[in-house]
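Here are some worked exercises to go through with the model open beside you. Try each task before you read its solution.

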Amino acid sequence: MSTSSADQRFTLPLDSSESNLNTTGGKGHNLAILSRDGNFPVPPGFVVTVAAYHHYVSSSPGLLSDIEAALSKLHVNNESPSTGTAKLEDISDAIKEAFYKRDVPKDLRDEIAERLSTSSIFPDIDNTYLAVRSSATCEDMPDASFAGQHDTMLNVKPTVDNVCRHVIDCFSSLFTSRAISYRENNGIDHIGAGMAVVVQAMVQSESSGVLFTANPLTGRRNESVLEAIPGLGEALVSGLVEPDRYIVSRNSDKTIAILDKRIGAKAKAIRSVEGGGVREEIVVSEATPLLSGNGESNRSAPGVPGAWVYRQRRF
């Protein structure tokens with residue numbers, strides 16, 4: 001694989017030992033930890049690195065100037081960006097339009113093409129759909145979380161053109177109106193922030209969810225909190241539906257007990273469409289499959305935020 005002028009690679013394997021918050025972003029780094037552990041069925045893929053994002057911005061004539069010009073309108077007349085929703089949307093739209101006018105540089109495109117054609121990553125790429133997922137450097141921080149503020153594209157056909165287009169979608173989502181406002185409110189530099197992109201084989205899940213390995217309300221380390229919905233997880237992280245919520249205790253003998261269960265409305269689900277893309281559909285609310293057939297829960301590595309999917313009675 002080629003390298004940038006700073007001797008940083010534009011793509012990395014999903015399980016790379018070089019992965020950290022600054023090279024592969026929060027999501028990419030957490031997936032690398034799970035992949036290297038060896039005990040988790042992490043879908044195969046690779047990461048377009050933060051170095052690739054900065055290379056894209058710096059090598060696209062005028063792009064950085066366009067970003068800075070749009071962001072300069074944040075503080076006109078000392079207005080607060082957190083209350084100027086319409087202004088934030090206008091700034092975000094201007095920056096996204098600037099991104100969409102620029103193509104992926106040839107050296108980055110070539111690396112993406114090489115990864116897609118690597119049989120050890122995707123043994124049957126022609127019959128594989130992809131998830132193209134944002135992974136920002138400032139997400140999953142100890143004192144800040146950008147959950148749901150950046151974009152993810154699901155059920156993507158595995159062509160180089162498609163993946164490159166959606167990589168730009170993810171790059172530009174660093175400047176959604178919510179992300180801009182959140183960085184402003186938390187004193188995080190807009191230009192210094194970076195974005196990696198995770199490209200993974202798509203799991204066509206029957207149900208999906210989020211796992212907190214410690215109870216976020218009480219801090220108890222022997223309790224896990226799981227939120228579950230039918231279909232793809234995007235409906236949960238985007239706030240589209242009210243999920244089922246389970247609080248589960250983990251005992252010393254590795255057995256579990258459900259302490260609390262609340263069934264959410266789950267009025268909609270997002271599901272894959274044959275040929276690529278996704279659709280929303282109305283669903284009948286019922287308890288979402290949560291446990292595997294033998295009654296064991298899917299576990300996550302200590303300290304790593306977990307997302308899970310359920311397909312054909314296996315996680």
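Two residues are in contact when they have heavy atoms within 4.5 Å of each other. Keep in mind that this is a predicted model.

**Exercise 1. Find what F99 touches, then place F99 in the core.**

Step 1. Leave out residues up to four places away in sequence; F99 then touches Y53, Y56, V57, L63, I67, I168, F171, S172 and F175.

Step 2. Turn to the largest nonpolar core, which has 45 residues. F99 is listed there with V48, I112, F171 and F175 as the residues with the most contacts inside this core. Helix α6 (residues 160-172) gives the core its largest share, six residues.

Step 3. Look for a further core apart from this one: another has 10 residues, including A131, M202, I229 and V241. As background, nonpolar side chains tend to be buried together in soluble globular proteins.

**Exercise 2. Decide whether helix α2 is mostly covered or mostly open.**

Step 1. Helix α2 spans residues 50-59. Its buried residues are V50, A51, A52, Y53, H55, Y56 and V57.

Step 2. That makes seven buried out of 10, and α2 is mostly covered. Y53, Y56 and V57 also appear among the contacts of F99.

**Exercise 3. Explain why S172 counts as buried, and list its contacts.**

Step 1. S172 sits in helix α6.

Step 2. The cut-off for buried is under 20% relative accessible area. S172 has 0%, so S172 is buried.

Step 3. Setting aside neighbours within four places in sequence, S172 meets K96, F99 and Y100.

**Exercise 4. Describe how α4 and α7 pack.**

Step 1. Helix α4 covers residues 85-100 and helix α7 covers residues 177-185. Their axes lie 8 Å apart, at an angle of about 115°.

Step 2. Angles of 65 to 115 degrees count as roughly perpendicular; α4 and α7 are therefore roughly perpendicular to each other. Their crossing is right-handed.

Step 3. On the α4 side, L88, E89, I91 and S92 make the contact, and on the α7 side S177, I180 and S181 do. By type, the residues of this contact are three nonpolar, three polar and one charged.

**Exercise 5. Do the same for α5 and α6.**

Step 1. Helix α5 (residues 106-116) packs against α6 at an angle of about 120°, and the axes are 10 Å apart.

Step 2. The two helices are therefore oblique to each other, and α5 passes α6 in a right-handed crossing.

Step 3. From α5 come L108, R109, I112, A113 and L116, which meet V160, D161, V163, C164, V167 and F171 of α6. These residues divide into nine nonpolar, no polar and two charged.

**Exercise 6. Work out where V198 lies and which residues it touches.**

Step 1. V198 belongs to strand β5 (residues 195-201), and V198 is buried because its relative accessibility is 0%.

Step 2. V198 and V47 are 151 residues apart in sequence, yet their C-alpha atoms are 4.5 Å apart in space.

Step 3. Beyond four places in sequence, V198 touches L14, G28, L31, F46, V47, A131, V132, R133 and S135.

Step 4. Now zoom out to the whole chain. Among contacts with a separation of 6 or more, 66% join residues 24 or more positions apart. The protein chain has eight helices and 12 strands, and 46% of its 315 residues count as buried.

How values were computed
Residues numbered from 1 in each chain as written. Predicted model: local features only at pLDDT ≥ 70, side-chain atom pairs only at ≥ 80, totals over all residues. Heavy atoms only, no water. Buried < 20%, exposed > 50% of the residue type's maximum accessible area, 1.4 Å probe, protein only. Helix = DSSP H or I, 4+ residues; strand = E, 2+ residues; numbered from the N terminus. Core = buried A, V, L, I, M, F, W, Y, C linked by side-chain atoms within 4.5 Å. Axes fitted to C-alpha atoms, helices over the stretch in contact; angles between N-to-C directions. Parallel < 35°, antiparallel > 145°, perpendicular 65-115°, else oblique. Left-handed = near helix turned anticlockwise from the far one by under 90°. Nonpolar A, V, L, I, M, F, W, Y, C, P; charged D, E, K, R; others polar.
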